[in-house]
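Here are some notes for a colleague who is opening this structure for the first time. They are set out as numbered points, to be read with the sequence and the model at hand.

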Amino acid sequence: MSYITLHSRKLRHNFKVLDQIFDEKNIEWAIVAKMLCGNEKFLEVLLNLSDKEICDSRLSNLKTIKKISPKTETIYIKPPAKRLAKSIVQYADVSFNTEFSTMEALSNEALLQNKIHRVVLMVEMGELREGIMARNLMAFYEEVRTLPNLEIVGLGTNLNCLNGILPDEKKLEKLHRFKEIIEENSGQKIPYISGGSSVTIPLIFKNEVPFGINHFRVGETLF
C-alpha cells in the first residue's frame, strides 16, 4: 500500500524559504494543499505552520480545513459547478470563476447565507483549460459587477496545467494590462493578479515577473 510521510521540519524550512522569496518581491502567496488529500493530521501541521490562504480543488478538503481552523481563508481553485454553489459559499471564502451562470448561482447562495463571496475571474492565456477570452473580459467584468453579494478581488490564469503552455514575462505583462484596462474603464480597483504557481517561481530569479503580479498559488515547491 502506498503512503505519504510528512517531514514537518523540512516543510517548515521550505515554507520559510518561500516566504522570504515572496516577501522580498512584495508578492502574497497561498498554499495549494490538495496533495494532502484532506488528511486531518497533515493539515493540522500545515495550519500550525502557516497563516496563509489555503487552496484546494476538493470541497471536502476545504470543509476539513474550516473544521480545524474556521478563521483560515480558503480558496476553491477548481472551476465551480453550479450545483455546488451552496457548499462553495459555505466552505470557500474565494473561488476562481469563468462562467457567468455559475456566478449567478454563487450570488444567490451568498444572499441566502448572508455572506460576501469573493471571486477571481480567470483569463484564458493560451492553456485552454479555463478562462474568459480577452476580447470578452471587460463586458464580462461589468456583468459580474451587477451580482449582489459577490466581490471581484482579482484576475487569475492557469498555465502549464493541461497543455504545457508555460508562463513567461510577456503573458504576465498582458494579464497585468488587462487589470489596468478594467480599472481605467470601471473606476474600480482589482487588488490581486493571481498569475503565479510553482512553475512561475523561476521567473522570479530572472526578474521576469512584472510589477503587479502580486499573488501566487504554490503547492508542489512547498512540499
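1. A convenient place to begin is M35, which, leaving aside residues up to four places away in sequence, touches I4 and F223. The model is a predicted one, and that should be kept in mind for each of the points below. M35 sits in the loop that runs between β1 and α2, and it counts as partly exposed, with a relative accessibility of 39%. Its C-alpha atom lies 9.8 Å from that of S57, a residue 22 positions away from M35 in sequence.

2. The overall arrangement comes next. The strands, 8 in number, close into a barrel in the order β1-β2-β3-β4-β5-β6-β7-β8, and their pairing is parallel. From one strand to the next, the twist averages 30°. As background, the strands of a sheet pair through backbone hydrogen bonds, and they may do so in either a parallel or an antiparallel way.

3. Several of these pairings can be followed strand by strand. Strand β1, residues 28-32, runs parallel to strand β2, residues 54-56, and 2 bridges join them; V32 has C55 as its bridge partner in β2. Strands β3 and β4 likewise run parallel and are joined by 2 bridges, with V94 in β4 being the bridge partner of I75. Between β4 and β5 the pairing is again in the parallel sense, here over 4 bridges, and N97 stands opposite L121 in β5.

4. Strand β4 deserves a closer look for its side chains. In a regular strand, side chains alternate between the two faces of the sheet. In β4, which covers residues 94-97, V94 and F96 point one way while S95 and N97 point the other way, and all of them are buried. Its partner β5 is mostly covered as well, since 5 of the 6 residues in β5 are buried.

5. Turning to the helices, which strands does helix α3 touch as it packs on the sheet? Helix α3, residues 59-68, touches β2 and β3 (74-76), and its direction makes about 175° with that of β3.

6. Helix α3 also meets helix α2. The axis of α2, residues 40-49, comes within 10 Å of the axis of α3, and the two cross at roughly 60°; the helices are therefore oblique to each other. The crossing in which α2 passes α3 is right-handed. On the α2 side the contact is made by E40, L43, E44 and L47, and on the α3 side by N61, T64, I65, K67 and I68.

7. A reader may ask about the cysteines: how many disulfides does the structure hold? The number is 0. Why is C37 not bonded to C55? The cysteine sulfur closest to that of C37 is the one in C55, and because the two are 16 Å apart, they are too far for a bond, given that a disulfide requires sulfur atoms within 2.5 Å. The surroundings of the two residues can also be stated: C37 is exposed, with a relative accessible area of 59%, whereas C55 counts as buried at 0% relative accessibility.

8. Two asparagines should be checked for their backbone angles. Most residues other than glycine have a negative phi. N26, although not a glycine, has a positive phi of about 55°, and N114, also not a glycine, has a positive phi of about 55°. N26 is placed in the loop between α1 (8-24) and β1, and it counts as exposed at 67% relative accessibility. N114 lies in the loop between α5 (100-113) and β5 (117-122), and at 69% relative accessibility N114 counts as exposed.

9. A last point concerns K16, a residue of helix α1. Is K16 buried or exposed? With a relative accessibility of 54%, K16 counts as exposed. Along the chain, K16 and P191 are 175 residues apart, and in space their C-alpha atoms are separated by 25 Å.

How values were computed. Residues are numbered from 1 along each chain as its sequence is written. This is a predicted model: local features need pLDDT of at least 70, side-chain atom pairs count only at pLDDT 80 or more; totals for chains, interfaces and linings use all residues. Side-chain values use heavy atoms; hydrogens and water are left out. Buried means under 20% relative accessible area, exposed over 50%, partly exposed in between (1.4 Å probe, protein chains only). Two strands pair if DSSP finds at least two bridges between them. Axes are lines fitted to C-alpha atoms, for helices over the stretch in contact, and angles run from 0 to 180 degrees between N-to-C directions. Contact means heavy atoms within 4.5 Å. Angles under 35 degrees count as roughly parallel, over 145 as roughly antiparallel, 65 to 115 as roughly perpendicular and the rest as oblique. A crossing is left-handed if the near helix is turned anticlockwise from the far one by less than a right angle, and right-handed if clockwise.
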